[in-house]
Amino acid sequence: MAASSGANETAIVISGLRKSFGATVALDGLDLTVNTGEVHGFLGPNGSGKSTTLRVLLGLLRKDGGEVRLLGGDPWRDAAQLHRRLAYVPGDVNLWPTLTGGEVIDLLSRLRGGSDEKKRAALLERFELDPRKKGRAYSKGNRQKVALIAALVSDVELLILDEPTSGLDPLMEGVFRECILGEAQQGRTVLLSSHLLSEVEALCDRVSIIRRGRTVESGTLAELRHLTRTSVRAELGASPVGLDRLPGVHDVLVEGSRVSCDVDTPHLGDLLRELTRLGVRDMTCQPPTLEELFRRHYADDRDAEGPRPAADGASRVAASR
Amino acid sequence: MNAFAGTGTLVRLAIRRDRILMPVWIVVFAALAASSAAATVGVYPTVQSRVAAAEAANAAPSIVALYGPVFDPTSLGGIALLKMNAFGALLVGILMIVFVVRHTRAEEEQGRLELMSAGVVGRFAPLTAALLVALGSSVLLGAATAAGLIGAGLPVGGSLTFGLMWATAGGTFSAVAAVAAQLTESARAGTGLSLVVLGLSYVFRAMGDTAGDAGPAWLSWVSPIGWAQQIRPFGGDRVWVAAISVVFVLLATGFAFALVQRRDIGAGLVRPRPGRAQASPLLGTPFGLAWRLQRGTLLAWSAAYLLLGAVFGNLASSVGDFVDTSQAREVITRLGGVKGLTDAFLSTEFGMMGVITAAYGIQAALRLRSEETALCAEPVLATGVSRPRWVASHLLVALAGATALMALAGSVAGLAYGAQTGDVPAELGRMLPAALVQLPAAWVLTGVAMLLFGVAPRWVAVAWVALVASLVIGELGSLLSLRQTVLNLSPFTHVPRMPGADFALAPVLWLVAVAAGLISLGIVAFRRRDVPA
Ligand SMILES: Nc1ncnc2c1ncn2[C@@H]1O[C@H](COP(=O)(O)OP(=O)(O)OP(=O)(O)O)[C@@H](O)[C@H]1O
Ligand SMILES: [Mg+2]
């Protein structure tokens, strides 16, 4: 029922999006594609332009250039119609001081076209939220819950969430994850901006990473992992020589028979063959974490990490300078 | 940690934040006093002419109620600054209330105080800093005003006490606001509570001043406005009366500090009760939301208008009793009338209510801006609500609310005056149109606010400047003998002066058209801009 209209079209297509605030360039040719039915992670360091992108998508900010399609429409021109088909949780949730949480949930879902009573009650229960408190009396986490529930009660095709779990405790974050997985199962599309790597790993089918208003990586988690290095430590039968001449192997450190190094994940097989030849007594293999990937992109231009491994399958959208 | 630590830093911060606004207001006040003094010097050259004018004014309860008595009929300052005494003190009070709440409760509400208190700022520092700057500004305002009056040619002694009077008004209402800001949880409620105290002070003073020998004249002495006015500049210069205000300031600020000591940051003393778990059916449209957010304010305004309408309606009947000398007529005419003393009085009062109603309209329309900056507009505009529809919801509260207020005041005045003349339907038929005819001019200022919101959202406060300019033109325009082109800038200049004058359709239609044009332009501009901007 959720993804009824606009059957197979892509939920969000952004290409070459530009937006400046005076002299500040917030978005500088950003690309983003979110397929219908997927949970898409949207990552980037502070101030990289995530919230700005989402606000352009909602027709709150006017783009300076580029193309933006949302649910098959123009988010600036058709804002009100499109908004009935999506729900948004802003990054900074501020509630009206005189309205209770329950009233805010009802108000926002009604303005979107109605809500499901049973689902509302279930969500209040799961998030352990008291709907009778006034806006000012809620803690940051509870304000966040109000906004989340208001978005989740509506029967919409697309959820746009701007760091929705900032302020939630780990237990509530677990509840949030279950809810999002449930929504995804019903065929809803989710665009989730986040700083939490574990959250992105647990929820997202595909991920886009932006930096300074440009997309630097985009692909499935598996594809992105492929872009990173696995770190290997081994105790060998003999002291190794010439490991660093193998393709894709970096930072080799040899201490007697012990060795540690990093290897570009596509070349892991080559390294293992060589190590086996030398005789492995003990070995640990640290799988590539998203964190490593982020660190590479988040760490400014300082990252003189040598050439990146070629991208197999992952679309390299824009080369970072 | 020292509870006052960081006060100096906060003082500098407050001065920096208001480095333009506060000096501008101080100059405006000083200039207002000086220019009305300078304008009157030529009008009453002889002692006889002053005594005649002052006695006429003192004999008119409506004028005494509105502005207070002239304490020394022979003095030039007394008659020249009649409109500036209590009424000016009221305006100074508003300025200081807004300032103190802005630097205490508003800061706290936005979480900035929490940030600061976590640093090296002591518990009492924010309130101390706000009070120091407010009291300092009050003193400066008084000094600047005194200098202006001396420059305009008034006696030095009276000029200094006049400055003292305004400074004490600023001080007492700074202290009132300091207490209110601790009691309430929101800046809006804090300002509201302070303004209620201010309004009551004014009403008590009016009742005390008009009480006569047998009546409750002591009411003037329970009012901070009364304390300021009883210093009697140019009419005895009783500097010692200022001691009452000083004691009040000390007690009230002590009380405010005690409250700070007792409460948590972010909280008021009045604890909010839990509310409804589910929204009422009304709260499902943009207008439902706008109404819910603004109904409390409108209700408070309605109560004030009910009172105002009743007071004016009752006073109107006493205007006729008033000594019928030619000088008296002349004074009344100069104070702004056309024909028939009662009608002149009523049309003046309805004109003033029109300006006050414009203030209501501006603040209701500017709710749009405060919703936007508080990030409360974003979630609404991200639903199926279009921008014009969201704007229309708050504008409807502004325009229809203003209409309801004037209708209320007009009917109550008609009922009250009619009950005294014995012909309710006739008076109702005269008063209601006289009240409603002010609306198009008030709507024009709502339009100015809307235009600013669309075109220059950071400059919405300019709408208040437009209002003050209209007020000055209307109140002092004839006194300052401004040119007609300047007078025409105020929308209220074009309002038919009813009751008394005939209704004229053309200017009313023009005003409506201008208001509609401004609002439409504002909406068009708002559709094209970023939110938040
Ligand atoms: N209204 C505005 N006026 C001026 N500059 C702005 C405005 N909004 C955003 N910016 C700037 O645009 C850039 C991108 O900001 P944005 O809020 O989109 O970042 P973000 O990726 O959401 O960061 P975070 O992870 O901290 O939420 C920043 O440099 C920010 O300072
Ligand atoms: Mg953000």
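The following legends describe three close-up views of chain B in a predicted model.

Local features require pLDDT of at least 70 and side-chain atom pairs pLDDT 80 or more, whereas totals for chains, interfaces and linings use all residues. Residues are numbered from 1 along each chain as its sequence is written, chains are lettered from A and ligands numbered from 1 in the order written, and side-chain values use heavy atoms, without hydrogens or water.

**View 1. Nonpolar surface patch of chain B, including Phe204(B).** Phe204(B), Met207(B), Trp218(B) and Val222(B) make up the patch (nonpolar side chains joined within 5 Å, each residue with over 30% relative accessible area and no salt bridge). Together they present about 390 Å² of accessible area (Shrake-Rupley method, 1.4 Å probe). Phe204(B) belongs to helix H11, residues 187–210 (a DSSP run of H or I, at least four residues). Its relative accessibility is 31%, so Phe204(B) counts as partly exposed (between 20% and 50%).

**View 2. Surroundings of Arg367(B) in helix H17.** Helix H17 spans residues 367–373 of chain B. Arg367(B) counts as buried (under 20% relative accessible area) because its value is 8%. Its side chain lies 3.5 Å from the backbone oxygen of Leu293(B). Beyond neighbours within four places in sequence, Arg367(B) is in contact (heavy atoms within 4.5 Å) with Arg188(B), Leu293(B), Gln294(B) and His394(B).

**View 3. Domain 1 and domain 2 of chain B.** The bounds, from an automatic or database domain assignment, are 1–44 + 83–267 for domain 1 and 282–533 for domain 2. Their C-alpha centres are 26 Å apart. Each domain of chain B contributes 12 residues to the contact.

Conventions. Patches are made of residues with over 30% relative accessible area and no salt bridge: like charges are joined within 9 Å, nonpolar side chains (Val, Leu, Ile, Met, Phe, Trp, Tyr) within 5 Å. A salt bridge is a side-chain nitrogen of Lys or Arg within 4 Å of a carboxyl oxygen of Asp or Glu. Helices (H or I, at least four residues) and strands (E, at least two) are DSSP runs, numbered from the N terminus. Buried means under 20% relative accessible area, exposed over 50%, partly exposed in between (1.4 Å probe, protein chains only). A polar contact is a pair of N or O atoms within 3.5 Å; within protein, one must be able to donate a hydrogen and the other to accept it, and residues adjacent in sequence count only if both atoms are side-chain atoms.
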